[in-house]
Amino acid sequence: MQPDMQPVRTNDQGSGRGGPRFAPGMELPGIETNRVLRNTYLLLALTMVPTVIGAYIGMATGGIIIQHPIAATLIMLGAVIGLQYAVIANRNSSLGVVFLLLMTGILGWWLGPLLSMALTLANGAQLIGYAAGGTGLVFFVMGAIATTTKRDFSFMGKFLFVGMIALLLAMFANMFLQIPALALTISTLVIVVFSLFLLHDLSRIVRGGETNYIVATTGVYMSLFNIFANLLSILMMLAGERR
């Protein structure tokens, strides 16, 4: 299973993330909201470039991850979390974009071995396409809900954060236990949790709770990354055809 890389989440959902403070449920003017959404989607598209480049490099050089999964996972988590804090600290400058792109390149490299394993299957390329399509569908559905409903989903933040930590601990435990059924369960729950995180983050942008597009892109990217990686893992376990 591809480990879930946790995004930086804070309990202070309405401040300290760039831009002015707003009361819960208070919406930004339409032009400002559209600007943040547009910039978030544009930067999200840009993050795909280092992700793809990193994935190609990871497919060729990612053997160390397979040989030392626990140590590599701990190092990777530390690096990604550190870069996320660097993004937050530099969210109002172009340096924040640089740190974000660096993080997505590293995550692409981390994803490389999983893609290599998928491509050893007879239908591996098809499964990768299904995982990408499924991730896109989740993104479309959560985006539609966030933009069409007036409901405030900020209440989910603390519960989702606790769930994410619990899943991370379960993932580490299963590295030792190696129980396929548990791996399948964890991957399924990761998809659920990060789909809701995606809804939570997109809703905050629409409602004016997040006014910094660099921070917004970081949260959305991490959700999509975890959804794709774990959806691909599930497809490989359930529908993979060995050559």
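**Exercise 1. Lining of the second largest pocket**

Task: In this predicted model, determine which residue classes line the second largest pocket and which elements supply them.

Solution:
- Start with class. The lining has 15 nonpolar residues, three polar ones and no charged ones.
- Next, the extent. The pocket has a volume of about 490 Å³, and 18 residues line it.
- Find the centre. Met48, Thr51, Val52, Leu111 and Phe228 lie nearest to it.
- Assign the elements. Helices H1 (30-61), H4 (94-119), H5 (124-148) and H8 (213-239) each give two or more residues to this lining.
- Rank the shares. H1 provides the largest, with six residues.

**Exercise 2. Packing of H7 and H8**

Task: Describe how helix H7 (residues 180-207) packs with H8, giving angle, axis distance and handedness.

Solution:
- Recall the descriptors. A packed helix pair is described by the angle between the axes and the distance between them.
- Read both values. The H7 and H8 axes are 8 Å apart, at an angle of about 155°.
- Classify the angle. Values over 145 degrees count as roughly antiparallel, so H7 and H8 are roughly antiparallel to each other.
- Add the hand. H7 and H8 cross in a left-handed sense.
- Check the contact of H7 with H8. By class it has 19 nonpolar, eight polar and one charged residues.

**Exercise 3. A salt bridge**

Task: Which residue forms a salt bridge with Asp152, and what parts does the pair tie together?

Solution:
- Count first. The structure holds two salt bridges.
- Identify the partner. Asp152 pairs with Arg207, and their closest N and O atoms are 3.8 Å apart.
- Test the distance. The cut-off is within 4 Å.
- Place both residues. Asp152 is in the loop between H5 and helix H6 (156-177), and Arg207 is in helix H7, so the pair ties together parts 55 residues apart in sequence.

Note on methods. Residues are numbered from 1 along each chain as its sequence is written. This is a predicted model: local features need pLDDT of at least 70, side-chain atom pairs count only at pLDDT 80 or more; totals for chains, interfaces and linings use all residues. Side-chain values use heavy atoms; hydrogens and water are left out. On a 1 Å grid over the protein atoms alone, a cavity is a set of points where a 1.4 Å probe fits but cannot get out, and a pocket is an open set with protein on both sides within 12 Å along at least five of seven lines; lining residues have an atom within 4 Å of a point. Grid points are joined across faces, edges and corners, and a volume is the space filled by probe spheres set on the points. Helices (H or I, at least four residues) and strands (E, at least two) are DSSP runs, numbered from the N terminus. Ala, Val, Leu, Ile, Met, Phe, Trp, Tyr, Cys and Pro count as nonpolar, Asp, Glu, Lys and Arg as charged, and the others, Gly among them, as polar. Axes are lines fitted to C-alpha atoms, for helices over the stretch in contact, and angles run from 0 to 180 degrees between N-to-C directions. Angles under 35 degrees count as roughly parallel, over 145 as roughly antiparallel, 65 to 115 as roughly perpendicular and the rest as oblique. A crossing is left-handed if the near helix is turned anticlockwise from the far one by less than a right angle, and right-handed if clockwise. A salt bridge is a side-chain nitrogen of Lys or Arg within 4 Å of a carboxyl oxygen of Asp or Glu.
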